[in-house]
Amino acid sequence: MNIIIDKLNTQDIPAVTGLLEKSFRIGKVNAQKSIAMIKEMLKDKQDIFLAAKLGSEIVGFIHIHLHRDPFRPEMKHATFWYFAVSPNYRNKGIGMKLFEAAVTMCKGMGINEIRATTSVSHTIAQRVAENCGFKRGVSYKLKLTEN
Ligand SMILES: CC(C)(COP(=O)(O)OP(=O)(O)OC[C@H]1O[C@@H](n2cnc3c(N)ncnc32)[C@H](O)[C@@H]1OP(=O)(O)O)[C@@H](O)C(=O)NCCC(=O)NCCS
C-alpha cells in the first residue's frame with residue numbers, strides 16, 4: 001500500500017471531518033461545524049494536521065497542536081490530539097506511519113517535548129504511542145459541562 005503522509009489541504013478537510021464523525025461519534029452537525037473550525041486552524045501556525053493519503057483518498061489524519069512553556073520560553077511543546085484511521089484501513093500500519101511522521105516533523109521543528117492525549121479506553125492509540133517511544137504519564141481531567 002503506497003501511503004503518503006502530507007500536510008492537510010483545505011479541500012481535504014471534509015474527508016477529515018468524515019473520519020472524525022466515524023471514529024469519535026461527534027455527529028453530523030458537529031462534523032459540519034468542524035470544517036470551518038479546521039479551516040481557521042490551518043491558517044494558524046499553532047495547529048498542524050497531517051493526512052495519510054492512499055491515491056486521492058484520505059484514510060487517516062493526526063492533529064498536532066504547538067505551544068510554548070511560559071516559564072521556560074526556550075522550550076517548545078507539541079500535543080498530538082485527534083488521531084484516526086478510516087475503519088476500512090485500520091490495523092495495516094497507517095496509524096504508526098502517521099504518528100512517526102508527526103514525531104519526525106516535530107523533531108525537524110525543534111520541538112522539545114511531545115504529549116499525546118488519549119483516554120484509557122483507546123488502547124490501540126496507546127500502543128501506537130508506546131511503539132513510538134512515548135512513556136505513560138498521569139493527567140487529570142475535570143469535565144465542566146456535559147459535552
Ligand atoms: C488508533 C488508530 C488511529 C490506530 O490506527 P491503525 O492504523 O489501526 O494502527 P496500526 O495499524 O498502525 O497499529 C498500531 C498498533 O496497534 C495494533 N493494533 C491495531 N489494530 C488493532 C486491533 N484491532 N486489536 C489489537 N491491536 C491492534 C497493531 O498490531 C500495532 O501494534 P504492533 O505494531 O505492536 O503490532 C485507529 O485504531 C483508530 O482510528 N481508532 C479510532 C479513533 C481513536 O481511537 N483514535 C485515538 C484517540 S485520539
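# Reading a predicted model: a tutorial

Mentor: Helix α2 bends by about 25° at S34. Please keep in mind throughout that this is a predicted model.

Trainee: How many residues does helix α2 have, and what span should they cover?

Mentor: The general idea is to multiply a rise for each residue along the helix and compare the result with the distance between the ends. Helix α2 covers residues 28-43, which is 16 residues, and at 1.5 Å a residue these should span 22 Å. The end C-alpha atoms of α2 are 24 Å apart, which agrees.

Trainee: Which way do residues three or four places apart in an α-helix point?

Mentor: An α-helix has 3.6 residues a turn, so residues at that spacing point the same way.

Trainee: Is L42 buried, partly exposed or exposed?

Mentor: One counts the C-beta atoms around the residue; 20 or more within 10 Å would make it buried, and 12 or fewer exposed. L42, which is found in helix α2, has 16 other C-beta atoms within 10 Å and is therefore partly exposed.

Trainee: Which residues does L42 touch, apart from those up to four places away in sequence?

Mentor: L42 touches L8, T10 and F49. For T10, one may also compare the two kinds of distance: T10 and L42 are 32 residues apart along the chain, and their C-alpha atoms are separated by 7.9 Å.

Trainee: Where is D12 placed, and how should its surroundings be read?

Mentor: D12 sits in the loop between β1 and α1, the latter being residues 13-24. Because D12 has 18 C-beta neighbours inside 10 Å, it counts as partly exposed. With neighbours within four places in sequence left aside, D12 is in contact with A51 and I58. Between D12 and I35 there are 9.7 Å from C-alpha to C-alpha, and the two are 23 residues apart in sequence.

Trainee: In which sense do strands β1 and β2 pair, parallel or antiparallel?

Mentor: To read a sheet, one takes each pair of strands in turn and asks for the sense and the bridges. Strand β1 (residues 3-7) pairs with strand β2 (residues 47-54) in the antiparallel sense, over five bridges. As an example, K7 has L50 in β2 as its bridge partner.

Trainee: What do β2 and β3 form?

Mentor: β2 and β3 form a hairpin, with two residues between them. Their pairing is antiparallel over eight bridges, and β3 covers residues 57-68. A51 stands opposite F61 in β3. In the turn, G55 has a positive phi of about 60°.

Trainee: How many bridges join β3 to β4, and in which sense does β4 pair with β5?

Mentor: Eight bridges join β3 to β4, and these strands run antiparallel; G60, for instance, has V85 in β4 as its bridge partner. β4 and strand β5 (residues 113-116) pair in the parallel sense over four bridges, where A78 has I114 in β5 as its partner.

Trainee: How many residues surround the ligand, and which are the closest?

Mentor: One lists the surrounding residues, then asks which elements supply them. There are 19 residues around the ligand, and the closest are R90, N91, G95, M96 and A125. The elements giving two or more residues to this shell are β4 (76-85), α3 (94-108) and α4 (123-131). α4 gives the most, with five residues. By class, the shell has nine nonpolar, seven polar and three charged residues.

Trainee: Where does N91 lie, and is N91 buried or exposed?

Mentor: N91 lies in the loop between β4 and α3. It is exposed, with 8 other C-beta atoms within 10 Å. N91 also has a positive phi of about 60°, although it is not a glycine.

Notes
Residues numbered from 1 in each chain as written. Predicted model: local features only at pLDDT ≥ 70, side-chain atom pairs only at ≥ 80, totals over all residues. Near = placed C-beta within 6 Å. Nonpolar A, V, L, I, M, F, W, Y, C, P; charged D, E, K, R; others polar. Pairing = 2+ DSSP bridges. Contact = placed C-beta atoms within 7 Å. Expected span 1.5 Å × (residues − 1). Bend = angle between axes of the 7 residues up to and from the residue.
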